[in-house]
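This report takes up a few local features of the chain, beginning with a single residue and moving on to charged pairs, a surface patch and a strand pairing. Please keep the sequence and the structure at hand while reading.

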Amino acid sequence: MRALIPTGDPRTLTEPGEVDAPAPRPDEALIKVTDFSLNRADFLLLNSPSSTYRPGIDAAGVVEEAASDGSGPTAGSRVVLHLPRGGAGAEYVAAAADRLAAIPDGVDSATASTLPLAGLVARRMLALAGPLQGRRILATGVGGGVGQLLIQLAVAEGAKITAVAADGQPTAHMAALGAEIALDIETIGGEPFDLVLESVGGELGSKAAYALRPGGQYVWFGQASGDPISLDFFRLLQGGTSLTLRHFVYSDSDSDSDGSRDAADMAALLALASRGKLRVEIGHRGDFSSAGPMLKEMSAGRLRGKAVVSIG
C-alpha cells in the first residue's frame, strides 16, 4: 500500500512509497484513511538523517474491518484517529478503539483529521487551570493549530484571553476567535493574569511570568524560539509574585500504550465542532506528494492554518 516514508534528506523529509499493509490485532479496526493532517511534531521527528519515523499522527477515514473482538466502531463508520507514534499517513492503518472516535454528521473528514493532537493539547492544558469563568489568561505563540483551538475553548468557558503576537505576525484570525491582541507584553494594561500559557521561550516567555498575579499558574508547553526561559527569583520576590510552574506534556497521564482518555476527549471535541462551537482553519490541502513541501513551510512558520493531505 502507499504511505509516506522518511527520505533521510532534510531537503525533502518524506515521500510516497510502498509499505506492507497493517495486520490488525483482535482489538484493532482496519481503517481506510481519507484525510490526515500534518503537525509540527511530524517535522521534528522526520528532521534527522537516521529517522525511521513515518508521518501522520492524526487522520480520518472509514472502518474497513471492525475489530474482531467486537470492540470499537462497526464497519462503514466514519472515524477520527490519533496515533502518537505516527504512521497515519497511509492508505490503511490499524487502530484500537481507545484511539478512535466516531465523526458526527455535520463534520467533514478533513476537519475531523485536524482536531486530535491540537485539540487534546488545548483541552488538557486548560483543564489544569480548573474553572475558567472570569479568569484572565495570557498566551504566547498561539497563532497556529493548537492556538486557534485553545482560544475558542477558553472563550467558550468564560475566560478572557490575551494573545501576545510578534510585530508583523497575522493576528486577525486570533481576534476573530475572541482573543485580545497584544504586540508588546510590557504595555498590557489591566489586572495581573491568573494563568499564563507559554510556548515561545526566551525573553518573551520570561517576561510572561512577571505578568502573573500572586499564586498564578504558568503552564509551559513549548519553546518555539529555541531559547530557554530565565526567571529572576528576586524580581519575583519584589513584585510579590509567587507562582506555580508546570512543564506540560499532553500525554502525561496517557502513555503511548494507553490512549484511554483519547477517545473520550476526541469525541468531546467533535461534538463541539458539530455544534459550530469549534472551528478549524484549513489553510493548505494537497496529496501525498505535497506533504514534504508543506512540512518545510510549516517549519519555517509560513503556514497559516492546518495542512491536510487527502488520499484519493
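Thr162 is found in strand β9, which covers residues 160-164, in what is a predicted model. With a relative accessibility of 6%, Thr162 counts as buried because it falls under the 20% cut-off. If residues up to four places away in sequence are left aside, Thr162 touches Ile137, Leu138 and Ala139, and also Glu180, Ala182, Ile188 and Phe193. As general background for reading a strand residue, side chains in a regular strand alternate between the two faces of the sheet.

**Salt bridges between two helices**

Side chains of opposite charge can pair when their charged atoms come close. In this model the count comes to 12 salt bridges, and three of the pairs are set out below.

| Pair | Closest N to O distance | Separation in sequence |
|---|---|---|
| Asp265 and Arg123 | 3.0 Å | 142 residues |
| Arg124 and Asp262 | 2.8 Å | 138 residues |
| Arg124 and Asp265 | 2.8 Å | 141 residues |

Asp265 forms a salt bridge with Arg123, their closest N and O atoms being 3.0 Å apart. Because Asp265 lies in helix α8 (residues 262-274) and Arg123 in helix α3 (residues 116-127), this pair ties together parts of the chain that are 142 residues apart in sequence. The two partners can also be described by their accessibility: Asp265 is buried, with a relative accessible area of 9%, whereas Arg123, at 32%, counts as partly exposed.

The side chains of Arg124 and Asp262 meet in a salt bridge with an N to O distance of 2.8 Å, and this pair again links distant parts of the chain, with Arg124 in helix α3 and Asp262 in helix α8. Both Arg124 and Asp262 are buried, the relative accessibility of Arg124 being 5%. Arg124 also meets Asp265 in a salt bridge, at 2.8 Å from N to O, and here too the link runs from helix α3 to helix α8.

Which residues are linked with Arg123, Arg124, Asp262 and Asp265 in a network of salt bridges? The network also takes in Arg99 and Arg261.

**A nonpolar patch and a contact in space**

Phe233, Phe234 and Leu237 make a nonpolar surface patch of about 380 Å². Of these residues, Phe233 is found in helix α7, which covers residues 233-238, and Phe233 is exposed because its relative accessible area of 58% is over the 50% cut-off.

Pro214 lies in strand β12 (residues 212-220). Although Pro214 and Gly240 are 26 residues apart in sequence, their C-alpha atoms are 6.2 Å apart in space. With residues up to four places away in sequence not counted, Pro214 touches Gly240, Thr241 and Ser242.

**A parallel strand pair and its helix**

In which sense do strand β14 and strand β15 pair, parallel or antiparallel? Strand β14 (residues 282-286) and strand β15 (residues 306-310) pair in the parallel sense, over 4 bridges. Within this pairing, Gly286 stands opposite Val309, which belongs to β15. Together with helix α9, which covers residues 291-299, β14 and β15 make a β-α-β unit, and this unit is right-handed.

Terms used
Residues are numbered from 1 along each chain as its sequence is written. This is a predicted model: local features need pLDDT of at least 70, side-chain atom pairs count only at pLDDT 80 or more; totals for chains, interfaces and linings use all residues. Side-chain values use heavy atoms; hydrogens and water are left out. Two strands pair if DSSP finds at least two bridges between them. Helices (H or I, at least four residues) and strands (E, at least two) are DSSP runs, numbered from the N terminus. A crossover is right-handed if, with the strands pointing away from the viewer, the path from the first strand over the helix to the second runs clockwise. Buried means under 20% relative accessible area, exposed over 50%, partly exposed in between (1.4 Å probe, protein chains only). Contact means heavy atoms within 4.5 Å. A salt bridge is a side-chain nitrogen of Lys or Arg within 4 Å of a carboxyl oxygen of Asp or Glu. Patches are made of residues with over 30% relative accessible area and no salt bridge: like charges are joined within 9 Å, nonpolar side chains (Val, Leu, Ile, Met, Phe, Trp, Tyr) within 5 Å. Accessible areas come from the Shrake-Rupley method with a 1.4 Å probe; for residues, only the protein chains shown count as cover.
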